[in-house]
Structures are given as structure tokens and as C-alpha cells.
Amino acid sequence: MTSFMPPADRFWWKVPVGRQEIVWILIALTWCLIMFFMMPYWHIYGKQNLSNEAYQTTPAKFGAKVQEGIDQNKVGEEAGLPIIHPPAGSDVYMLARLWQWWPILELEKNKTYRLHLSSMDWQHGFSVQPININMQVVPGYEMVLTVTPDQAGEYGVVCNEYCGIGHHTMVGKIYVKE
Amino acid sequence: MAQFRTCPDTGLYFHKSAESLIKANAVAAAVALLVAGILALLVVLTRWQAVHLLPADQFYMALTAHGIDALIFWIIFFEMAVLYVASSTLLRCRLATPAWGWVQFLLMLIGAVMTNVAIFQGSSSVMMTSYVPMQAAPHFYLGLILFAVGALIGCFIFFGTLVVAKQEKTYDGSIPLVTFGAVTAAIIAVFTIASGAIILIPTFLWSIGYIAHIDAEMYRVVWWGLGHSSQQINVAAHVAIWYLIAGLVFGARPMSEKVSRTAYLLYILFLQLACAHHILVDPGISSEWKVFNTSYAMYLAVLASLIHGLTVPGSIEVAQRGKGFNNGLFEWLRKAPWENPVFSSMFISLVVFGFLGGITGVVMGTEQINLIIHNTIYVPAHFHATVAVGTTMAFMGVTYFLIPVLFRRQMILPGLAKIQPYLFGGGMTIMVLFMLGAGTLGVSRRHWDMDFTGAALGFDYPGMAYTLMGIGAFGGVIGVLGGGAFLLITVGSLVFGKKLEPSAGLLQSFGLPLAASCYSNQRPETLPRAAPLPVEGHGSSSFEAPGTFVLAMVLLVSFIVYYFINWKYLASVWPLS
Ligand code: HEM
Ligand SMILES: [Cu+2]
Ligand SMILES: [Cu+2]
């Protein structure tokens, strides 16, 4: 009856707040603060953080880098896609385009790589499965992800940003060797 | 001269022009919900891999239309009706500029039809977010722009009506809390629509070749200024409706006007800033800004929601205890009218919004955790808890109330109406829970085929992912049945429901006001302030709503546990920086 009537007390803002609400607000505020501190904490002590390194680029420039990487490090082919085995610690380039992740990567376990990602056309989603790492890939931007695969195996790179009719066929591969 | 009628059952006053606009907007909303619901069935049966109903092109078309018809057209048409109710009806005030009200309605109607036409012509399957550089037909964007302009006009009529009410002193004291909530929603809406204009107008110009290039990342940042804050409009609006229904069904009064209104103020101050949690894994956005934006801005808004989460059920508890349901912690809740769809819809909305929608939203909005969730089916699961249960069920609940009061029809199929909220809420909850699980296993959202048919390279999801999607989809089908039951009951009541005195004809139900004889030129009595507070109870040092406090602590503990589980999960993925 009263939530849709004017407050009973004309000076409602002077009515003291009940203890229950005050206690709850303090508890909730504390929890919000803890959640806030978790993020900087993880930046310092956690191992999984988002990259802050990115550059503006163009499809032509980025495509040339990818081609260079393939020319230098190609070790084979699978289903018509080149497989590259870049040196540990190096810059690795992978591009997204309708509807491919290009090339296939072969990485070594527990080695760190600087993985560069960009799109040649529309937006795509870099989703490494089953480990479940997801990044947005945006044309015109080159994201540099410093990554250390610490489990060996075969990983699918699913595109998880809708990119047209062939979206579901856009699957790439990353091999992590012992 | 403004004409009013009184509802003989509730004593609410309806200004004739406002009444027609409320009806027209509510009916348009229902039509949008119907379309969205049919599409939901097609979408969910396609995501059920064992059924895999639609071919890829139709799936993406249906999904685009489902998202837009449900989230934009159903919700915002209904919100227009809510704004008219919260201003004109609750304040017993004539509507400012009724003619502009029809401009609002027509623009939104034309916009909604235009965008739907563009989508079903097949060249605009770009999803609700329409990320550039993927391009839709020009009338896809134009329809959205017209719709937004209409909504903006609706907001200004709302503000105008508040001014008129103040000037003509139609109420005593301050505006009611529900109206205050609507003010919050409308203020955020103005900001939102401004963001929308900044991004959609250039995109429209780009689609007709006037602008050569739109930066894809800039689009994402500004688009989410629109996309995120529009969700805050929904939250503000459905929280207002929670308070409204608590008042209608229980005679509940806010535990503290000051606390509830301050919490709304936090929404205005912070919520619409917090767009960064949609672009956490995007290139070129600094961690400092992301942490600032998701915590400073978002957590203060989260705090506001946590406050409402206590004060809404708390106010119900206090009211129920006042009626003598005083045994133990939960008698007040056990003895609540669980068979009244107005209440059950509202309560399911509250619980699912808090426990499923709220918790998952904050967890995935955490900067680092987002990278194990972004763009998986976890995301749609989260927002079906917030908008498809939270907002939609709050609106459904108030619709049940409005059928007799506004449309003067008795509800048909009361038996079905009793179970409808459980059907819809239950089905959607199943869908949400299982799709959250599937998302954790990496299943992608907006994705036609978990089997990747035709891909050069394959990937096999674990069998469990298929099982979870299957059960989730089954829940979705039940949800669609529940949604269908809602439309059957409400629209059926408008057509077949027994007319109540003063009565309405069929056409009157759909938009037109009731028979002329119901109205008089007499100005409604000034809306009085609520009856004074009982001496004890409010503002006291005892816990007035201990049951609610226990429920709130359960929420908090679930929240904490689930939050840290996700950090643990994050710690198991490859080191990144
Ligand atoms: C009636 C029951 C409903 C079912 C079974 C259902 C089902 C679904 C499913 C399975 C998806 C995700 C598909 C995918 O990403 O691959 C989806 C997307 C979506 N749904 Fe629903 N939904 C229902 C009701 C609603 C309601 C009431 C709303 C809003 C108020 C809503 C808003 C959305 C939105 C915004 C999307 C995202 C579209 C996009 O990704 O662009 N849904 N729905
Ligand atoms: Cu793609
Ligand atoms: Cu894609």
C-alpha cells in the first residue's frame, strides 16, 4: 500500500535506518571491496591475466607478418593448412579470417610465447578448447598474448564470435608437445 | 479537460489518454513477446544438438530476431507502459502531452516492424549487437533508431508528467518509491539512448555508404555503453515493480525509504558507467581502466542490488509479520499467496535474478575470470536469469494485476494462471543452470553446430557438453510452454474474459479506453501520504525481518563460494599475461 504512495513521513530522509539494513549494507560493502581487491591481487600473484599489449594494424601488415612466420617456421601441413613450430620465446602470429584460424601452431610445453592475434575481416572469437581460454579478435587491432601452455595435448581453436554463415566451420588447431 | 476514471476494485485513477497508451504499449509488448517466444523455440531446438532443427542461415536469422524482439521490443514497449503507470496513474495526474504519447507509440511500432522486416528479409542476420564490420541492411539500423527516438519521447513525457503533477499538486509529500524507481529507469534511459544515437546513427550512415569506415573496437566500446546501460534500465524498472507488487499484494511499505532511494541513486551514479565487463578480453583496453570500471562502477551498483535484494523481501516479511505470521523464521513466506500469479511471478523473478543472474553476472564481470567465460553459452544463460526471468517475470506479474484493473476483464483459465509462473520460471531455470554448465565446458554461444560439420579441422566437445545442452534445451522448451501459457491467459482474457463493471468492449481492451460514461471531468483527490508508521518496528534496533536476513546470508555465502570456485578454475588454465 505504501510503496506506491508518498512516504508517510514528509521528512523521510531523516527517519533513522534500521539496524538490519545497516548491518547488511556493511556486509555487502565489505564483500564488494574484497571482490575489488581480488583483481589487483591476481595481477600481482596470479598467473592468468589479460594482456595489456595491443597495437593498431591493418590486414595487409598483419597478413605479411603471419606469412613471414610461416615461411620461417613451417614444419608440415594438415588439411591444407600450414603447421608452424616457432622457436620458444618468439613472436608467433596467427590470423582469423572467414572461416579459418591460420596457421596451425605447434608449441612446446612450459615454453613462453608471444602470440599475436588479429582479424583480416570481421570480428572473431579465439576460444581454445578444452582448456577454455577466450579472447576477442577485432580487425584493425593486434593483441599480443604472452602465453605458456603448461599442459601437452591437441587443442581446438573454436571461433566463438558469430562471423557469418560459415562460423561453425571456423576451427583451428594448437598442438602442445612435451 | 482531463478525464479520469476510478478503478472500483483498487481505487487507482486512470487518465483517459494515459490509459489508452498503457494498453497500446502493453499489447505491442505482448506481440513482441509472442514473436520472440516462437523464435526462442526454434533457436533452442536448434541448439539441442540431437534435434538441430533449423539450417544455419535460418538459425542465425531467428537468433537475431529473438534477441531483438525479446530484449528490445518486448521489454521497452512494456517499460513505456510502466512509465505511464508510474507517472500518470500512481500520481493521479493527467498525462503531459498525450499527443506526443502517440508519436512515441507509432515511432516505436514503425521501428520495431521495420527492423523485423529487415531481419526476416534475410540480409540482416547480424545479431542484436550488430558488431561492425559485419553489415546489416540500412533499415535494420533505421528501425532501431526510430524505436529509440520513440522511447526517448516516452521518457520526456514521463518527466513532463512529473512536472505537471508537482505543479498541480496531485500528491502530498514526495513521489512514491515506485515512481522514484521509474525516474531512475528513465534517467538511465536518456543516457542509454544518447550512447545508442552516437553509435547507431554513424552505423546507419555507413550502411548506406555515407561513411567509409567504422572502427570495430570503438564500436564495441560505445555500443556497450548502450547495451550495458539498457540492462540497468531493466533492473531499475523490475525492482520498481517488485516494490509495487509487494505493496499491492501485501500492503508492504519500504523498510526504509532512505535506503531504497539511495540504492536507486547508486544505479544512476554508477551502473551506466560499467560497460567494461563486456569488453574485458578485447585488445587495447588497459587493465587499470577495466578494474576501475568493473569494480568502482559496477560493485557500487551491485551493492545497490544487494540492498534491494534485502529490502524487497524484507518489506514483505515485515508486512506479513504485522498480520500475525510470526512463527519461526519463515512462516511469513510459507503463508504467502503462492497461488497468486502476481506474487509468485514476482518472487521467482526476485530469487532467480539474485541467485542465478546476479551471482553469475558479477563472477563473469571479474576482469580475469571473464577469459574462461567470454562468448560461451554461459553468457546467454546468465542473461536469461536476469532478463528472461528477472525482468520478464516481474512484468508478467504486474500484467496479471493489470488485466482486471486496466482492461476490466476477468482472468480466464485461473487454474493455468496458478501454475504458469512455475512453468515459465522452472523451465527457464533449468535452461539457465544447464547452459551455465555447458558454458563452463566451453560450448560457444551464437553457434549453429557443436559438431562443426564441414570444418577442415575438427574439435570434439566432451559428451557431457551435449548432455548439458540437451537438458538445458528441454528446460527451454518448458519455458516456451510457460510463456505461451502466459500469452494465452492474458490475451485470451482480453478477448474472452468476463467484462467487469465499468465494462470494456473487445476493442476497448486493445488500446482504446473504456466506455465514455466511466469517465468524469472531476479531478482526482490529491494522493495522500501513506498512513503514519506504527510506533514500533521501523527504524528499530531489532532485526525486523530475520527470515529475510537469513535468506540474504544464504545468497552471500553461495556468492562467495561460487566466486572462489571460479578463481580456482581460472588458476587451472594456461598462464597468460
Ligand atoms: C521463452 C523462453 C526462451 C528460450 C527457450 C530462450 C532461448 C534462448 C537461447 C537458447 C539463446 C542462445 C542461443 C545461442 O547463443 O546460441 C537465446 C538468446 C537470447 N535470448 Fe532467449 N530465450 C527465451 C526467452 C528470452 C527472453 C524472455 C528474453 C529477453 C527478455 C531473451 C533474450 C535473449 C537474448 C538477448 C539472446 C541473445 C541473442 C544474441 O546472442 O544476439 N530470451 N535465447
Ligand atoms: Cu570467426
Ligand atoms: Cu565465428
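The legends below describe close-up views of a predicted model.

**View 1. The copper ion (ligand 3) and its protein donors in chain A.**
Four protein atoms serve as donors to the copper ion (ligand 3): SG of A:Cys159, O of A:Glu161, SG of A:Cys163 and ND1 of A:His167. Their distances from the ion run from 2.0 to 2.4 Å. Along the chain, the donors follow the spacing C-x1-E-x1-C-x3-H. The arrangement is tetrahedral because the angles subtended by the four donor atoms are 90 to 124 degrees. For comparison, the ideal angle for four tetrahedral donors is 109.5 degrees.

**View 2. A:Cys159 between two copper ions.**
The copper ion (ligand 3) and the copper ion (ligand 2) are 2.5 Å apart, and A:Cys159 bridges them. A:Cys159 is buried. A:Cys163, another donor of the copper ion (ligand 3), is also buried.

**View 3. The iron atom of ligand 1 in chain B.**
The protein contributes NE2 of B:His66 and NE2 of B:His384 as donors, at 1.9 to 2.0 Å from the iron atom of ligand 1. The site has six donor atoms with angles of 87 to 179 degrees among them, and is octahedral. B:His66 belongs to helix α2 (residues 56-89) of chain B and B:His384 to helix α11 (residues 378-407) of chain B, so the two histidines tie together parts that are 318 residues apart in sequence. Both B:His66 and B:His384 are buried.

**View 4. The interface of chain A and chain B.**
About 9200 Å² is buried between chain A and chain B, with 67% of it on carbon and sulfur atoms. Of the area that chain A buries against chain B, 9% is supplied by A:Gln20, A:Trp24 and A:Tyr162, more than by any other three residues. The contact involves 88 residues of chain A and 117 residues of chain B.

**View 5. Polar links across the interface.**
Between chain A and chain B there are two salt bridges. B:Arg446 and A:Glu161 form a salt bridge in which the closest N and O atoms are 3.4 Å apart. A:Glu161 also gives its O atom to the copper ion (ligand 3). Across the interface, 44 residue pairs are in polar contact, both residues being at pLDDT 80 or more. Elements giving two or more residues to the side of chain A that touches chain B include α1 (19-45), β11 (153-159) and β12 (171-177) of chain A. The largest share of that side, 18 residues, comes from α1(A).

**View 6. A:Lys173 and its surroundings.**
A:Lys173 is placed in strand β12 of chain A. With a relative accessible area of 5%, A:Lys173 is buried. A polar atom of the A:Lys173 side chain lies 2.6 Å from the backbone oxygen of B:Gly458. Leaving aside residues up to four places away in sequence, A:Lys173 touches residues of chain A, among them A:Met94, A:Ile104, A:Leu105 and A:Tyr155, as well as B:Leu457 and B:Gly458.

**View 7. B:His382 in helix α11 of chain B.**
The helix that holds B:His382 is α11 of chain B, where the iron donor B:His384 also lies. B:His382 has 14% relative accessibility and counts as buried, because buried means under 20%. Residues up to four places away in sequence not being counted, B:His382 touches B:Gly357, B:Thr360, B:Gly361, B:Met364 and B:Leu436.

Note on methods: Residues are numbered from 1 along each chain as its sequence is written. Chains are lettered from A and ligands numbered from 1 in the order in which they are written. This is a predicted model: local features need pLDDT of at least 70, side-chain atom pairs count only at pLDDT 80 or more; totals for chains, interfaces and linings use all residues. Side-chain values use heavy atoms; hydrogens and water are left out. Donors are N, O and S atoms within 2.8 Å of the metal (3.2 Å for Na, K and Ca); water is not among the atoms, so sites may look incomplete. Four donors count as tetrahedral if all angles lie between 85 and 135 degrees; four count as square planar and six as octahedral if opposite donors are over 155 degrees apart and all others between 65 and 115; anything else is irregular. Buried means under 20% relative accessible area, exposed over 50%, partly exposed in between (1.4 Å probe, protein chains only). Helices (H or I, at least four residues) and strands (E, at least two) are DSSP runs, numbered from the N terminus. Contact means heavy atoms within 4.5 Å. Buried area is the accessible area (1.4 Å probe) that two parts lose on being put together, summed over both. A salt bridge is a side-chain nitrogen of Lys or Arg within 4 Å of a carboxyl oxygen of Asp or Glu. A polar contact is a pair of N or O atoms within 3.5 Å; within protein, one must be able to donate a hydrogen and the other to accept it, and residues adjacent in sequence count only if both atoms are side-chain atoms.
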